[in-house]
Structure formats: C-alpha cells, structure tokens
Amino acid sequence: MIISSLGQGLLWAPLAIGVFITFRILDIPDLTTEGSFPFGAAITVSLMIKGQSAITATIAGFLAGCVAGLITGILDTKLKIPSLLAGILTMTGLYSINMHIMGKSNVPLLTQKVLTGYLPADLTVDMQTIMLGIIVVIIVMAVLYWLFKTRLGLSLMATGDNKNMSAANGINTDGMIIFGYMISNGLIALSGALIAQNNGYADIGMGIGTIVIGLASVLVGEIFLRGNNILIRLSAMVLGAIVYRFLLTVAMSLGFPADDLKILSAIILIIVICVPIIQNRIRTKRQLKKYLAQMEAEDDGSITSKTSAKSILSRD
Amino acid sequence: MEVLQVKHLQKVFFPGTRNERHVLKNINLNVYEGDFISVIGNNGAGKSTLMNAIAGTLSADAGEIDLVKHNVSKKSVAYRSQWMSRVFQDPKMGTAGDLTVMQNLVLAQSHTKTISLKWYQKKAEEEKYLALLKTLNMGLENFLNTQVKYLSGGQRQALSLLMATLSKPKLLLLDEHTAALDPKTSQEVMSITDNIVKEQQLTTMMITHKMSDALKYGNRLIMVQDGQIKLDVSGAQKDNLDKSELLQAFE
C-alpha cells in the first residue's frame, strides 16, 4: 500500500509543484488546473495512439499545458479578467477542446509503449512507477531550483510578492505572471500525461477535483516541511503529494467506495487548511503564556527588591 | 540639461459624471539635472497624481512626459524605471516582504536585466551590499539574509531608499517617504536621504507635507494647488522663503 501510494504520489508531484507555483509564488488560485490536467493527458494519449513515442508525447503534453497557462495568463493580465474567473473560462473551454482531441470521452492505450516501458522490464510495476516518478521529479526539481536561483526566478517571486515594487524595479509583471501560469500548467499537464499512461487511458473527467488535490498536497507538504529555502519548499510539495495519496489509499482500504473519493479529498483539504491555523494559534498562546509568566516573575523580583529597599529605609 | 519635461499634462477623474474632477490642469514642468525639488500642496491638490503620472502608475489624459529626452507618455512603469526610481510612502510598498534583504537589493541593482538567466547570489556582491547597508546606520548589515517583513518600518524605508538609489537613477521620486514613520525615525531617514542625494548628485523630486523639510532640503520648491503649479522658486529665492510666507501662499 505504501509502495503504490509512493509511486502514485510521485506521478502527482508535478501537479503539486505546479499548483505551488501559482498558489504560493504568484499568490493566485488558478482553476485552469482542472482543464490543463486532462489536456495534457488527452494530447499525450492521442499522440501515442497516432504512433509518437511516449517521450515525445509526454513533452507535447507538458507544452500543451504551457499553452493553457498562456491563455489564462493573457485573460488575467491583458484583459484584466479576475484570475479566478480567467481560470474557470480556460478550464471550461478546454473541456470542448479535450473532447475534440480525444473524439470520445475515454480513450484507452492499447499496445503502445508507455514511459515505464523504457525502464528495466524485470522490475515490478510498482517499482517501475516509483523509478519513473523519481526521474521526473528530479528533473523538475533541478530545473526549478536552477530557475529560482536566477534573476528571472527572483523576478517571478518578487512579482508574486509585491507587484508595485516589481514594476518600479523594471520587472514586466504581466510577463512574469503569464510565465508563472505557463510553467505551472505545463507541470500540471505533465502530471496528467503521466497519470494517463499509468492508468492506461485518458478520460474527459480525470481533471475533476485536481485543484483540490493540488492544494491539499501543497498544504500537507507545508505541514511536514517548513522553510524558506526553495529546495525545501519544492521537496515539501513532493512529500505532500505522496502523503496525500497515502491518506486516500488508507481511506479506500477502510472501505470507502471510489465515488466517495472526491468528498474525501474535499474533507482532507478542509482539515489541512484548518490544522496549520489551529497549530499556529496554540503555539502563539503557549508562547504568550510563557512570556507573561516570565514578565510576572520579573515583576515579583522587582517588588521584592522594592520592599527590601523599603525595609532598608525603615531601618534608618 | 532637462532630466524630465512635463508638457501640457491633463488628468480628469470620472469624466462625464457628477464626480468629475479635473486634477491636473495643463501642467508644465522642467526638471534639470541636479535639482532637488520639494513638492508641497494641500491634500487633493494633485501632487500625488502628478507623481503617479510621472512614474507611470497612472496614465495622463493629455500632454507629454519626456524622461531624459525619451517620450514615455504611453510607456509602462517598468520601461520608465530604467531612468527612474521611486520610494513610496508605505514602507511595505517599496520592498518585497517575503524576499530577503539581499534579494531585494539584487532586484534593485539593475532595472534592465530582470529576465537574466544568470545566478544572482554572488559573494562579491554580498560584500558590496554589506558595505552599503552599513552606511545607513540602521543595523541592516546584520540582516542580509533575513526576510524583509521582519524589519521595522524605519529599516524597511531606509532599505527602500538604498534600493531606489542603487541603480543610479536619472530621476529619484520620493512620495512622502517619511510620512509613515515616527518623528525620530522620520528625521533619520530624511538625513540619510539628503546624504545619498548629495553624494550621488541625484536629481530628486520629493513630495512632503512637512513644511520644515520642504524649506530645509533641496534647491527648489514647487507648490501645487488646485491642479496647477502655483509657486516655483529656486536658489536664493527659495533660501529666503520662510514658513509664514509659505503658509500665506497656501491660502
């Protein structure tokens, strides 16, 4: 169970990292996710059926996601549509596009060689999945780590943090936001491409609930791993995706039917949103109590010194 | 040489409605190299609007703005920033709180290499920044890798000021940059400002509500009233101004 959720989690990790980029770096809740995830899957599976190699098809899936992000980015920055609505518009439009690409609502892969097919054949399916996941995650994290160490990455972070200040320092903030949407949705589509190959099919409904999965992974990750270092933050996303898969697997093994997964996802998200808030409140209260106790002790100290001073005086 | 030329600038808010307000009425202004201008005026006189129009956060309805002989009237804030820096009234506005002091300084270092793919963290730069931070006398040199949100308002504003001058701008805009600080810190930041401006011979426009600062600093004084420049004095004429005369002009 742990092994299979580890593999699955790694394949979902690019989604978590993608959501992290819009949600945490740019501070935008981007609903394009629900469209770009199946978009990546649809493009990849269709290309594979047309005879393209799994590697080419997966890269195409990633790029397709970038295009989806580009559209939301333009809607948001150039047409000034609120980001939440911009995402919904792209997501809605992508539904039709995905239907056109796939031709029907569910397209199975038949004999095509998927990405795990390139790995040693003597491994078990679970091990193959884990290996593929590790390779993909390492590539994604390495590229992003490098990106966030460059001036470009710094400009991206600054834009998400303070748009006015960024513009005043010469950063093309609209361009940065579009760029952020693009890599975010590219990664989300990459996740879709990987999951489709893992499942053996692309489905029109596979994007439903992905934003909740992504957000939950981000928040779960941040509960376990905190820090300002970008490498730690990215690792937290991978860990979050794995832990989240594990939680779902546990729920399934407790006997919840597959149809209940969505509501479980939603409940998990609510819990992980509330946990850090409560954690914080308890921590602050404890710190405050400690501080006040200390103050009181000091006060007592000063009172005794005062009384002793008085006693000295009275002796005179 | 003119660093900034403002020609026939007009701005009307809410045109055609009951709330129509003509905020900038045909403003003409030349700012010359080496000027340190204090801009004063009532609330709503239009000085902030003028500053925003020059900086590019607000587009003027008519007229032209030339920055170092480039017509920037229709250009973005980012484009104008290659010649211009700005310090805002709110210390939070001028710095990115989640980024470290170092990262903020890197951002301010060059306004034209914002999408460079080179790594930004360099040892030599770090030492240069430390030396610069030390000159502020605010203890900032101990916080190079601290997130800016943990700094005090005064420290943040001093950092904003350092950032704004790091790129050696042709024009420095100070938008009531000491107004949000307590009197003592405000004075400290003001004297740091004066030092930097003098040292680097920066052409500066400073909006202020403090009459004493307006009189004490700079070589030129502009009073904006009712969307027009009512008073523009420089040199000896400005030195001879006193508070009561200035208050009279406000009437």
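How many residues does the contact take from chain A, and how many from chain B? Hello everyone, let me start with that one. The contact takes 19 residues from chain A and 28 residues from chain B. Please keep in mind throughout that this is a predicted model.

Let's stay with the chain A side for a moment. Two elements of chain A, helix 6 (151-161) and helix 7 (163-168), give two or more residues to the side that touches chain B. Helix 6 of chain A gives the most to that side, with seven residues. If you like to think in residue classes, the side of chain A that touches chain B has eight nonpolar, eight polar and three charged residues.

Now let me step back and look at chain A as a whole. Its secondary structure comes to 11 helices and two strands. Reading from the N terminus, the order is α-α-α-α-β-α-α-α-α-β-α-α-α.

What about the overall dimensions? The radius of gyration of chain A is 25 Å, where a compact globule of 316 residues would have one near 20 Å. Along the principal axes, the C-alpha atoms of chain A fill a box of roughly 105 × 50 × 35 Å. Of the 316 residues in chain A, 48% count as buried. And for those of you who work with contact maps: among the contacts in chain A with a separation of 6 or more, 77% come from residues 24 or more positions apart.

Next, the domains. Chain A is divided into domain 1, covering 2-255, and domain 2, covering 261-316. Taken over C-alpha atoms, the centres of domain 1 and domain 2 of chain A are separated by 42 Å. The contact between them takes 11 residues from domain 1 of chain A and 11 residues from domain 2 of chain A. On the domain 1 side, helix 9 (210-224) and helix 10 (230-253) of chain A each supply at least two residues. Helix 9 of chain A gives the most to the side of domain 1 that touches domain 2, with seven residues. By class, that side of domain 1 of chain A has 10 nonpolar residues, one polar residue and no charged residues.

Let me pick out one residue here, A:Ala251, which has its place in helix 10 of chain A. Why does A:Ala251 count as partly exposed? There are 16 other C-beta atoms within 10 Å of A:Ala251, and a residue is partly exposed because its count falls between the limits of 12 or fewer for exposed and 20 or more for buried. Leaving out residues up to four places away in sequence, A:Ala251 touches A:Phe256 and A:Leu264. By contrast, take A:Lys285, 34 residues from A:Ala251 along the chain: the C-alpha atoms of the two are separated by 33 Å.

Over to chain B, and to a sheet. Six strands of chain B form an open sheet in the order 6-7-8-3-9-10, with mixed pairing. Strand 6 (84-87) and strand 10 (228-234) of chain B are the edge strands, each pairing on one side only. On average, and with direction ignored, neighbouring strands of this sheet are turned by 15° against each other.

Which strands pair with strand 3 of chain B in the parallel sense? Strand 8 (residues 204-207) of chain B does, over four bridges, and strand 9 (residues 220-225) of chain B does too, over four bridges. For the register, B:Phe36 has B:Thr204 in strand 8 as its bridge partner, while B:Ile37 has B:Arg220 in strand 9. Strand 3 of chain B (residues 36-40) is mostly covered, with five of its five residues buried. B:Phe36, B:Ser38 and B:Ile40 point one way from strand 3 of chain B, B:Ile37 and B:Val39 point the other way, and all are buried.

Finally, the edge at strand 6 of chain B. Strand 6 pairs with strand 7 (residues 171-175) of chain B in the parallel sense, over four bridges. Here B:Arg86 has B:Leu173 in strand 7 as its bridge partner. Helix 5 (residues 153-166) of chain B lies across strand 6 and strand 7 of chain B, and runs at about 175° to strand 6.

That's my tour, thank you for listening!

How values were computed:
Residues are numbered from 1 along each chain as its sequence is written. Chains are lettered from A and ligands numbered from 1 in the order in which they are written. This is a predicted model: local features need pLDDT of at least 70, side-chain atom pairs count only at pLDDT 80 or more; totals for chains, interfaces and linings use all residues. The radius of gyration is taken over C-alpha atoms; the globule rule is 2.2 Å times the number of residues to the power 0.38. Two residues are in contact if their C-beta atoms, placed from the backbone, lie within 7 Å. Ala, Val, Leu, Ile, Met, Phe, Trp, Tyr, Cys and Pro count as nonpolar, Asp, Glu, Lys and Arg as charged, and the others, Gly among them, as polar. Domain bounds come from an automatic or database domain assignment. Two strands pair if DSSP finds at least two bridges between them. Axes are lines fitted to C-alpha atoms, for helices over the stretch in contact, and angles run from 0 to 180 degrees between N-to-C directions.
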